[in-house]
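Trainee: Could you walk me through reading a structure? I'd like to start with the cysteines.

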Amino acid sequence: PVAPAILERFQSLLGPGAAIHTPYGATEALPVATISSREVLGDTRAATARGAGTCVGRPVPSIDAAVIAVSDEPVEGWREERRLGVGEVGEIVVSGPQVTREYFNAPRHDSLAKIADGDAVRHRMGDVGYFDRQGRLWFCGRVSQRVRTAAGTLFTEPCEAVFNSHREWQRRRVRAELLALGASCEATRSITTVLFHPGFPVDIRHNAKIGRRALAAWAAPRVRG
């Protein structure tokens with residue numbers, strides 16, 4: 001997600017009359033939703049910093065977006081009762097003319113990412129999120145990167161946004177301050193360990209997205225220890 005601080009910088013360069021729009025989508029479905037910098041900076045950024053996730057806006061008119069229960073297995077056939085209610089976190093599923101129907105010569109990927117809906121196809125975004133009462137979609141991270149604990153499931157985007165609001169980088173103090181910050185938000189209250197990585201692994205395709213699977217493999221023995 002585009003950080004509010006980046007939108008703020010661009011807004012200052014372009015002037016108060018400009019509106020920056022950040023789209024949400026994927027290679028298989030784009031665009032899905034959009035939100036303006038004015039709404040982010042004037043409204044949703046505060047909730048993001050408290051662990052609400054990142055608001056990606058309202059679905060574009062041609063998209064039917066829904067949130068369904070999270071599953072790592074194929075979903076056999078669409079039913080309207082699969083839709084979760086307002087505020088319930090689940091997997092984001094979309095349909096519309098800009099949504100691809102299948103992958104090339106990859107039936108296993110199709111079975112995991114596509115849901116038959118009569119003559120149409122719904123695409124599982126592989127992202128978790130929820131709708132608020134205003135009909136806006138909030139992004140909470142990747143399904144595959146959620147962390148299941150005895151205290152409940154943690155999603156990357158709400159947790160990271162809480163800790164990213166901290167601006168003190170002296171390691172001697174930062175651990176205690178981060179844990180205190182985490183304890184103040186429901187999304188991060190169960191986190192009790194802070195580790196320091198010498199340099200975050202990143203997705204080789206973008207050199208920007210955190211390589212969370214590699215990071216998890218690095219952190220696992222240290223948490224157990």
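**Cysteines, a strand and a pocket**

Mentor: Let's begin with one cysteine: C55 is buried, with 4% relative accessible area. Keep in mind that this is a predicted model.

Trainee: How many disulfides does a search of the whole structure find?

Mentor: The general idea comes first. A disulfide is a covalent bond between the sulfur atoms of two cysteines. Here, searching the whole structure turns up zero disulfides.

Trainee: Why does C55 have no such bond to the closest cysteine sulfur?

Mentor: Because that sulfur, in C140, is 11 Å from the sulfur of C55, which is too far for a bond. The cut-off for a disulfide is within 2.5 Å.

Trainee: And what about C159, how far is its sulfur from the closest cysteine sulfur?

Mentor: The distance is 9.6 Å, again to the sulfur in C140, so C159 is too far away for a bond. As for cover, C159 counts as buried, at 9% relative accessibility. The cut-off for buried is under 20%.

Trainee: Okay, strands now. How do I read one?

Mentor: In a regular strand the side chains alternate between the two faces of the sheet. Now take β8, which covers residues 137-142.

Trainee: How many of the six residues of β8 are buried?

Mentor: Five of them, so call the strand mostly covered, going by the under 20% cut-off.

Trainee: Which strands pair with β8?

Mentor: β3, residues 54-59, pairs with β8 in the antiparallel sense over three bridges. β7, residues 120-131, pairs with β8 in the antiparallel sense too, over five bridges. Find L137 in β8: G57 stands opposite L137, and F131 stands opposite L137 as well.

Trainee: What do β7 and β8 form, and how many residues are between them?

Mentor: They form a hairpin, with five residues between the two strands. In the turn, look for G135, which has a positive phi of about 80°.

Trainee: Last one: how do people find pockets?

Mentor: Rolling a probe the size of a water molecule over the atoms shows where empty space is left. In this model, the second largest pocket has a volume of about 280 Å³.

Trainee: Which residues lie nearest the centre of the second largest pocket?

Mentor: G51, T153, F155, P158 and A187, out of 16 lining residues. By class, the lining has 10 nonpolar, four polar and two charged residues.

Trainee: Where does the largest share of that lining come from?

Mentor: From β10, with three residues. Both β10 (152-154) and α4 (156-164) supply at least two residues each to the lining.

How values were computed
Residues are numbered from 1 along each chain as its sequence is written. This is a predicted model: local features need pLDDT of at least 70, side-chain atom pairs count only at pLDDT 80 or more; totals for chains, interfaces and linings use all residues. Side-chain values use heavy atoms; hydrogens and water are left out. Buried means under 20% relative accessible area, exposed over 50%, partly exposed in between (1.4 Å probe, protein chains only). Helices (H or I, at least four residues) and strands (E, at least two) are DSSP runs, numbered from the N terminus. Two strands pair if DSSP finds at least two bridges between them. On a 1 Å grid over the protein atoms alone, a cavity is a set of points where a 1.4 Å probe fits but cannot get out, and a pocket is an open set with protein on both sides within 12 Å along at least five of seven lines; lining residues have an atom within 4 Å of a point. Grid points are joined across faces, edges and corners, and a volume is the space filled by probe spheres set on the points. Ala, Val, Leu, Ile, Met, Phe, Trp, Tyr, Cys and Pro count as nonpolar, Asp, Glu, Lys and Arg as charged, and the others, Gly among them, as polar.
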